[in-house]
Amino acid sequence: MRLTKKIKGELNELFLFELEDRFAVEAVFYRGDTLCVSTQVGCRVGCRFCASGSKGLFRSLRADEIVKQVELVARERPVKRVAVAGIGEPLANWRSVKEAFFRLKERGLKVSFYTVGSPLKHLRELLSLPHAGVTVSLHALDKEKRRALLPGAGPPDGLIALLEDELPRLSAKKRKKVSLGYLLLRGVNDSEEELRRLATLAKRLGVGVTLLYYNRVGPFEPPTAEEYERAFLLLRSEGVRVTLSTRFRKDRLGGCGTLVVNRL
Ligand code: SF4
């Protein structure tokens with residue numbers, strides 16, 4: 001595996017790695033200390049707002065291929081944190097991801113995750129690890145809507161039941177590191193009613209909400225700045241702890257959902 005390309009944007013820096021079978025995956029260095037790494041060559045979940053899964057899944061990465069992305073970038077940039085949020089669903093490649101997690105932890109790195117939450121048994125295990133954060137991508141509470149947006153992610157009911165079961169077992173400190181990810185799509189999942197349902201759920205689970213910004217890689221519209229702020233204020237007014245997408249995640253270069261698989 002070798003680093004073949006670096007593209008520096010205004011905010012983020014994109015790194016392209018060629019694998020031994022000529023596939024290439026991407027990682028993004030952002031915020032001056034964080035590397036977002038890929039865990040699969042493609043993705044089977046096929047979220048309709050994400051370029052990474054648009055061609056399906058070719059294969060999963062081995063643990064050493066996940067760790068190597070960090071090693072290669074750390075030679076050139078001060079990587080202190082790793083976000084397992086690039087191409088691929090981490091729980092769908094759990095054995096390798098878990099091994100990579102412990103190897104990265106041994107090096108003193110803080111490791112956080114973004115996941116759609118299935119398979120559920122792996123989510124249970126992930127929540128118990130000494131991670132630096134887990135964002136469970138919900139995006140819709142309605143079963144049909146979630147299926148339409150995240151076809152391979154499984155229904156929300158089982159996911160919510162698992163969180164209801166598992167979160168009370170965690171310490172308050174640990175629970176604070178878990179949040180529900182919600183990508184705001186204009187006219188799709190941003191109605192007041194849906195946001196109030198989301199607030200009710202977050203409060204019941206005792207977790208915060210991470211409001212994600214859409215980078216326009218699919219057929220949807222991102223909300224305007226005012227709509228985004230309105231959603232934020234609505235959740236806040238319901239007493240929910242809300243984290244907003246940072247400008248790094250909104251960037252067209254390396255922002256959420258923009259990473260792609262290549263064949264060289
Ligand atoms: S958002 Fe994540 S789970 Fe969904 S298709 Fe993209 S990489 Fe896969």
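Here are some exercises on this predicted model, each with a worked solution.

Two conventions come before the exercises. Residue numbers start from 1 along each chain as its sequence is written. Because the model is predicted, local features need pLDDT of at least 70 and side-chain atom pairs count only at pLDDT 80 or more, while totals for chains, interfaces and linings use all residues.

**Exercise 1. Overall fold**

Task: Find how many helices and strands the protein has, and check its radius of gyration against that of a compact globule.

Solution:
- Start with the secondary structure, taken as DSSP runs numbered from the N terminus (helices are H or I with at least four residues, strands are E with at least two). The protein comes to 9 helices and 13 strands.
- Next, apply the globule rule, 2.2 Å times the number of residues to the power 0.38, with the radius taken over C-alpha atoms. For 264 residues the rule gives a value near 18 Å, and the protein has 17 Å, which agrees.
- For the extent, the C-alpha trace spans about 50 × 40 × 30 Å along its principal axes.
- Then look at contacts (two residues whose C-beta atoms, placed from the backbone, lie within 7 Å). Among contacts with a separation of 6 or more, 68% link residues 24 or more positions apart.

**Exercise 2. Burial and the core**

Task: Work out what share of the residues is buried, and which members of the largest nonpolar core touch the most others.

Solution:
- Count the other C-beta atoms, placed from the backbone, within 10 Å of a residue's own: 20 or more means buried, 12 or fewer exposed, and in between partly exposed. By this count, 44% of the 264 residues are buried.
- A nonpolar core joins buried Ala, Val, Leu, Ile, Met, Phe, Trp, Tyr and Cys residues through C-beta atoms within 7 Å. The largest one has 74 residues, and V84, Y182 and L184 touch the most other members.
- Follow L184 outward, leaving aside neighbours within four places in sequence: its contacts are D190, L211, L212, Y214, P223, Y228 and A231.
- V84 also turns up in the surroundings of T39, which touches L61, I66, V84, G86, G88, P90, N93 and V97 beyond four places in sequence. T39 sits in the loop between β4 (34-36) and β5 (40-42), and it counts as buried because it has 28 C-beta neighbours inside 10 Å.

**Exercise 3. The ligand shell**

Task: List the residues around the ligand and sort them by class.

Solution:
- Take each residue whose C-beta atom, placed from the backbone, lies within 6 Å of the ligand. This gives C43, V45, G46, C47, C50, S52, G53, I87, G88, E89, V116 and G257.
- Sort them with Ala, Val, Leu, Ile, Met, Phe, Trp, Tyr, Cys and Pro as nonpolar, Asp, Glu, Lys and Arg as charged, and the others, Gly among them, as polar. The shell has 6 nonpolar, 5 polar and 1 charged residues.

**Exercise 4. The two sides of α5**

Task: Decide which residues of helix α5 (residues 156-166) are buried, and why they line one face.

Solution:
- The buried residues of α5 are P156, L159 and L163.
- Seen down the helix axis, they fall within an arc of 65° (taken from the directions from the axis to the C-beta atoms), so they line one face.
- On the other side, D157, G158, A161, E164 and D165 are exposed.
- The cover over the buried residues includes α3, α4 (143-149) and α7 (192-205).

**Exercise 5. Backbone details**

Task: Locate the cis peptide bond, and place R22 and R216, which have positive phi, in their loops.

Solution:
- The cis bond joins S118 and P119, with omega about 0°. P119 is in the loop between β8 (110-115) and α3 (120-128).
- R22 has phi near 75°, a positive value in a residue other than glycine. R22 belongs to the loop between β2 (13-18) and β3 (23-30), and it is exposed, with 9 other C-beta atoms within 10 Å.
- R216, also not a glycine, has phi of about 55°. R216 lies in the loop between β11 (208-212) and α8 (225-237), and its 14 C-beta neighbours inside 10 Å make it partly exposed.
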